[in-house]
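Colleague: I am new to this structure and would like to learn how to read it. Could you take me through it feature by feature?

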Amino acid sequence: MDRRVFGLGAVATLSLSACASAKPRFLSYRGPEVTSMVINKGARKLYLMHNEQILREYDVELGFAPNGTKNKKGDGRTPEGTYLIDRRNPRSRYHLSLGISYPNTADRAKAVAAGVDPGGDIFIHGQPNLRSEFKRAKKTPDWTAGCIAVKNDEIEEIYAMVNEGTVITLRP
């Protein structure tokens, strides 16, 4: 047998087997619909709900100043209140992320009355992709700037289960 033909065949076989064993980019979910999400900041828990039934429960990390609700940009607080999941980011700098519709109309009005910027870009996300940020996050509890962080395998599951438009309630 010609060595070149054998070599090309071997390379093709190895390439195909590597593709077959690679982890899919996104998980799929075929269970009960996630009708809402609840975050209990005090308990550091996130719950995926189907009506009144808890489907999944996760430990979370919050903003670096977790007590109280977010009042202004840069305060390190995680918002409290009811919002929607309003976007999905597969290219997040924190593995994957789901956007939260903060600030809402009431948050903006409160910020205007106080003469401050309410901030924004609040997400549920995984761990940092950059090695230096990942090391810092591992050392510090409640390391985000106001977001909700979970482990990477958990955000993959959450990302698969939660649709845009899902109601999210963040409690003290």
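What follows is a conversation about the sheet, the core and the largest pocket.

Modeller: Please keep in mind from the start that this is a predicted model.

Colleague: Let us begin with the sheet: in what order do its eight strands lie?

Modeller: The order across a sheet is read by following each strand to its partners. Here the sheet is open, its eight strands follow the order 3-2-1-8-4-5-6-7, and the pairing is mixed. Strand 3 (53-59) and strand 7 (148-149) are at the edges, and because each has a single partner strand, one side of each is left without a neighbour in the sheet.

Colleague: In which sense do strand 2 and strand 3 pair, and over how many bridges?

Modeller: Strand 2, residues 45-50, pairs with strand 3 in the antiparallel sense, over six bridges; to find one of these pairings by eye, look at Leu46, whose bridge partner in strand 3 is Tyr58.

Colleague: Which residues of strand 5 are buried, and on which sides do they lie?

Modeller: A residue counts as buried when its relative accessible area is under 20%. In strand 5 both faces are covered, since Ser97 and Gly99 are buried on one side, while Leu98 and Ile100 are buried on the other. Strand 5 is also joined to strand 4 by four bridges, the two running antiparallel, and Ile85 stands opposite Ile100 there. With strand 6, strand 5 again pairs in the antiparallel sense over four bridges, and in this pairing Ser97 stands opposite His125.

Colleague: Which strands does helix 4 lie across?

Modeller: Helix 4, residues 152-161, lies across strand 1 (36-40), strand 2, strand 3, strand 4 (81-89), strand 5 (97-100) and strand 6 (122-125), and it runs at about 150 degrees to strand 3.

Colleague: Which residues of the largest nonpolar core touch the most other members?

Modeller: This core has 26 residues, and those touching the most other members are Met37, Leu46, Leu48, Ile124, Ile148, Ile158 and Ile168. Helix 4 gives the most to this core, with four residues. Setting aside neighbours within four places in sequence, Ile148 has contacts that include Ile39, Leu46, Ile100, Ile124 and Leu170.

Colleague: Finally, what volume does the largest pocket have, and which of its lining residues are closest to its centre?

Modeller: Its volume is about 360 Å³. The lining is made up of 22 residues, of which Tyr94, Gly120, Asp121, Ala145 and Cys147 are the closest to the centre, and strand 6 gives the most to this lining, with three residues.

Conventions:
Residues numbered from 1 in each chain as written. Predicted model: local features only at pLDDT ≥ 70, side-chain atom pairs only at ≥ 80, totals over all residues. Heavy atoms only, no water. Pairing = 2+ DSSP bridges. Contact = heavy atoms within 4.5 Å. Axes fitted to C-alpha atoms, helices over the stretch in contact; angles between N-to-C directions. Buried < 20%, exposed > 50% of the residue type's maximum accessible area, 1.4 Å probe, protein only. Core = buried A, V, L, I, M, F, W, Y, C linked by side-chain atoms within 4.5 Å. 1 Å grid on protein atoms, 1.4 Å probe; cavity = no way out; pocket = protein on both sides within 12 Å on 5 of 7 lines; lining within 4 Å. Points joined across faces, edges and corners; volume = space filled by probe spheres on them.
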